[in-house]
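Please walk me through this structure, one helix contact at a time. Keep it short and concrete.

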Amino acid sequence: DLRYYYTGSTAILDISKQIQGDPILPMFQLFRGLLWSGLAIIIITSLATKGWKTYIITGLLFSILITSTLIFPNAYMPAPVRLAHSFELFTSMFTFGVLSVITLKNNIGTKSK
């Protein structure tokens, strides 16, 4: 359903062809990564908790922020696409949030135990 929704075909596309078709895409993704990293820094420095709670809270904030809009029906995505995106985004953004803490916690002056 996802492939057909986005491409009109069920064939798997080659990412290099997609980048050639839209050369701004890598720069846009880099910019998005910087925004999420900035948000991670704000969350990490704002939390008064130490240890594993920082990892869990950051992961949950990242995943809930991005997937909360997919809970409700909308005119842009049919239900199977929303469901697939909800699962994919929740797991990937939770993982990204945890990895952000692992990567950034020692570089921003906070030490977790």
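What follows is a tour of two helices and the residues between them.

The model is predicted. Start with helix H4, residues 52-67, and helix H5, residues 79-104. Their axes come within 7 Å and cross at roughly 145°. The crossing is right-handed.

Now look at who meets whom. From H4, the contact includes Thr54, Tyr55, Thr58, Gly59, Phe62 and Ile66. From H5, it includes Ser86, Leu89, Met93, Phe96, Gly97 and Val101. The residues of this contact divide into 14 nonpolar, eight polar and no charged.

Next, check H5 itself. Does its length fit the count of its residues, or not? The helix has 26 residues, and at 1.5 Å a residue they should span 38 Å. The end C-alpha atoms are 36 Å apart, which agrees. Several residues of H5 are buried, among them Val81, Arg82, His85, Leu89, Met93 and Leu104. Arg82 is thus a residue to find on the buried list of this helix.

Turn to the aromatic rings. The whole structure holds two aromatic pairs. One of them joins Phe62 and Phe96. Their ring centres are 5.7 Å apart, and the planes make an angle of 35°, so the pair is classed as tilted, between the limits of 30 and 60 degrees. Phe62 lies in helix H4 and Phe96 in helix H5, so this pair ties together parts that are 34 residues apart in sequence.

Are the two partners buried or exposed? Phe62 has 0% relative accessibility and counts as buried. Phe96 has 30% and counts as partly exposed. The cut-off for buried is under 20%, so Phe96 misses it. Ring pairs also bring in Trp36, which joins Phe62 and Phe96 in a cluster.

Stay with Phe62 and look across to H5. Gly97 is found in that helix. Its relative accessible area is 0%, so Gly97 is buried. What does Gly97 touch, not counting residues up to four places away in sequence? The answer is Thr58, Gly59 and Phe62. For a sense of scale, the C-alpha atoms of Gly97 and Pro23 are separated by 27 Å, with their positions 74 residues apart along the chain.

Ser100 lies in H5 too. At 6% relative accessibility, Ser100 counts as buried. Leaving aside neighbours within four places in sequence, Ser100 is in contact with Ala40, Ile44, Phe62 and Lys105. Phe62 therefore appears in the contacts of Ser100 and in those of Gly97.

Phe90 gives another view of H5. At 34% relative accessibility, Phe90 counts as partly exposed. Beyond its neighbours within four places in sequence, Phe90 is in contact with Leu60, Ser63, Ile64, Thr67 and His85. Leu60, Ser63, Ile64 and Thr67 belong to the H4 side of the helix contact. Follow H5 on from Phe90 to Ile102: the two are twelve residues apart in sequence and 18 Å apart in space, C-alpha to C-alpha.

Finish on the other side of H4. Where does Leu47 sit? Its place is in the loop between helix H3, residues 25-46, and H4. Leu47 touches Thr54, Ile57 and Thr58, not counting residues up to four places away in sequence. The C-alpha atoms of Leu47 and Thr58 are separated by 9.2 Å, and the two are eleven residues apart along the chain. Thr58 also touches Gly97 of H5. Thr54 and Thr58 both take part in the contact of H4 with H5.

Technical notes: Residues are numbered from 1 along each chain as its sequence is written. This is a predicted model: local features need pLDDT of at least 70, side-chain atom pairs count only at pLDDT 80 or more; totals for chains, interfaces and linings use all residues. Side-chain values use heavy atoms; hydrogens and water are left out. Axes are lines fitted to C-alpha atoms, for helices over the stretch in contact, and angles run from 0 to 180 degrees between N-to-C directions. Helices (H or I, at least four residues) and strands (E, at least two) are DSSP runs, numbered from the N terminus. A crossing is left-handed if the near helix is turned anticlockwise from the far one by less than a right angle, and right-handed if clockwise. Contact means heavy atoms within 4.5 Å. Ala, Val, Leu, Ile, Met, Phe, Trp, Tyr, Cys and Pro count as nonpolar, Asp, Glu, Lys and Arg as charged, and the others, Gly among them, as polar. Rings of Phe, Tyr and Trp (its six-membered ring) pair if their centres lie within 6.5 Å; planes under 30 degrees apart count as stacked, over 60 as edge-to-face and the rest as tilted. Buried means under 20% relative accessible area, exposed over 50%, partly exposed in between (1.4 Å probe, protein chains only). The expected span of a helix is 1.5 Å times one less than its number of residues.
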